[in-house]
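Ready for some practice in reading a protein model? Keep the picture beside you and try each task before you look at the solution.

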Amino acid sequence: MLSKIDTLLSKAILEKGMLSQEVLTPLIDEAQASKESLFAALLKKNILTEEVLLKSVSDLIRIPVLDLPHLKPEAGATEKVPLKVAEYYRMLPMKLEKRKLTVAVSAPLDLRTQDDIRAHLGYEVDYVLAREKDITEALKKTYGLAAGTIGEMMASTPAQAVSLSSDAFEKIESIENVEKMAGDASIAKLVNQIILEAFRKRSTDIHIEPYRGKVKLRYRIDGLLYNANVPPEIGRFIQPILSRIKIMANLNIVEKRLPQDGRAIVKVEETTLDLRVSSIPTPYGESVVIRLLPTNRIFDLGQLGLNADQLKIFDGLINKPHGIIFITGPTGSGKSTTLYACLNKINTEDRKIITIEDPVEYEMEGVTQIQVSSNIGLDFAKGLRSMLRHDPDVMMVGEVRDLETAEMAIRVALTGHLVFSTLHTNDSASGATRLVDIGIAPYLVASSIEAFIAQRLVRTLCQKCKEEDTDFSPEIKKQIGRELNMATEKFKVYRGKGCDTCNFSGFWGRLAIYEILLLNDSLKQLVTRKATAGEIKRQAVKLGMRTLRQDGWLKVIGGLTTPSEIIEATQDDEDHSFMQASEVGDDNKLEGDFLEALNRHYPQIKRQGGGLTGEERRIFLRLDCDHVAVFYRVIKVGTQESLSTTLTEERTLSKNISAGGILFYSNELIIAGSILELRFQIPASEDRIECLARVVRCEKIEVEGIYEVGSCFLDLSAKDRAKLERFIEKEAK
């Protein structure tokens, strides 16, 4: 016989036309036969959604449906309800008022269940409705991940609990006992729950970190680390947890003093995961990181964030018969994923592809993969030499780290092979100068390399909670419009509001932004004559290259990410733009009529004061320094760019200097906003500074037509800035 609620529910379903009598009657019969509610039967068959059923029940019995992700249970209520009881009845304690306990449940409670809860807890029970998924997640957040398992372990096997000890390297005498403890069903279940939760949250890494008296568990999701709420009692089981992980990864469970690396293959739901386990010793125990890599991952260039034009460029590059293609960027910028996607695109039966990697991150069918092993002398260079004897068409070198590897890669490319590799540089143009710096002849770089591709990873907006950002900074919006040469009213900026789908972060997944530098004839000439990275980048932009920042802005106005993600991941094109001074002489000797006038009237000029603003003086210590020879060349006048090759270099004297800019004299008016190539030498030192600077002001001094020019450095390297700061601090004492 149907309960009163099920009777009302079936009537409402028929009246609202959600199901016909012919469909509903067999479901009612099935629910009665299995002694379950009609509500549960409808959910099990997935005939009506949970939201629709909850709304219908709510309307019938006048009980509200709560949006649990936006609510927090009262601490007093959760303290009175043990997790074991909450999990058994699938309820979340919400509020306790005197003797009445309010709980959230995913289905209406019958009278017998309410009596059972009343008997267990000793409180009158009132209930509200919520989605089952929300209740499960809320239980994890409230009581902690795997709290039920830990509670069972503490109740059933208290003797196995191991407290955190300040002696991190306590010897384990009985290997058999440790293995038995690590293989216990409860320990295995706890570790499985940790891995399963990481997989469901789209985590790429699990961090298990012991500290004094506690253990921290963190998941890396979309590049950021998030704390997992775990019960404090987990610290008592840290040693068996780590031993279980070590056994899975085939590591030595007795060795606690040395770092170890291993791997394990597990199946989670329908996905097979390759777990890369790494442990390091710390003062309070071993810290373990587990990287989760899907073994059946599909690599597709179209899913990385490339637009149609970039995809066309990539297709042209990866189908070249020979040459080197370098992917550049810092660690964690997605270089390996891009390389795998390129190889997957050209992985056909008629091509022999060999890779040498450290480590082999993903297994690819049809590709011969070699793992670097330094302890037996198998490095990148030696692996490359061996690969040549295996008749390859395409080779991939995980990373070019030294001169020997770089020389081998270039030799392979020049002998008719296509080579993919990576470099750790900040942008694409720096790739060429990096190879020259490590000892490769410039003509070899120019003749063998097809392209340098810089990339970064940025988080993508959750499409379910994406909305227009009406409070966005107008200054940044103007910058986007200026750098894309687009009116600000023609585009919108978006943000993620946060929802349960994206765990209220506003982001879901990541994509790459790219800067593709194709080495054509003009750029090869610059590389051959050892041009700076700035000159190469400036010429590449003139030829149509889109910078990382510009590609990022296009993703922003396309509603894929936020400006803050792009600003954090890339350098400002304006503040680092195009980029370094050209090669000029080293002579500090001053000549010419203007310099003679400047020297003759310098005492009078110095009395007139000047310098940059007080705000700038607070940022960097400024030193009056009237004996620094400054060489400058105007390469951009206001907003009009000039051809620097047609301009002459001017020489003058400084007035004062800081690590942020320099004030010098000129016999010409230089419009504020102009870009200069600067070169000067630190006094009493052989260190020469070369950089770009922006003119912030230019004021005429009534002494034979001399101007004071205040400028701020744009692309001064950290090394040169530190040299200037040391010199100024020393002279200021």
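Three worked exercises follow, after a short note on the model. This is a predicted model, in which local features need pLDDT of at least 70, side-chain atom pairs count only at pLDDT 80 or more, and totals for chains, interfaces and linings use all residues. Residues are numbered from 1 along each chain as its sequence is written, and side-chain values use heavy atoms, with hydrogens and water left out.

**Exercise 1. Describe the open sheet of three strands and the helices that lie on it.**

Step 1. Begin with the terms: helices (H or I, at least four residues) and strands (E, at least two) are DSSP runs, numbered from the N terminus. Two strands pair if DSSP finds at least two bridges between them.

Step 2. Write down the order, which is β1-β2-β3, with mixed pairing. The edges are β1 (91-97) and β3 (124-129), each of which pairs on one side only.

Step 3. Look at one pair: β2 (residues 100-105) runs parallel to β3, and six bridges join them. Leu101 has Val125 in β3 as its bridge partner.

Step 4. Add the helices. Helix α7 (residues 111-121) touches β1, β2 and β3 (contact means heavy atoms within 4.5 Å). The direction of α7 makes about 125 degrees with that of β3 (angles run from 0 to 180 degrees between N-to-C directions, with axes fitted to C-alpha atoms). Helix α8 (residues 132-143) lies across β1 and β2, at about 65 degrees to β1.

**Exercise 2. Is Leu121 buried or exposed?**

Step 1. Locate Leu121: this residue belongs to helix α7.

Step 2. Apply the cut-offs: buried means under 20% relative accessible area, exposed over 50%, and partly exposed in between (1.4 Å probe, protein chains only). Leu121 is buried because its relative accessible area is 13%.

Step 3. List its contacts, leaving aside neighbours within four places in sequence: Lys80, Val81, Pro82, Val85, Met91 and Leu101. Leu101 is 20 residues away along the chain, and 9.2 Å separates the C-alpha atoms of Leu121 and Leu101.

**Exercise 3. How do helices α17 and α21 cross?**

Step 1. Two packed helices are described by the angle and the distance between their axes.

Step 2. For α17 (residues 429-437) and α21 (residues 533-542), the axes come within 8 Å and cross at roughly 145 degrees.

Step 3. Name the residues in contact: Ala429, Ser430, Ala432 and Thr433 come from α17, while Ala533, Ile536 and Lys537 come from α21.
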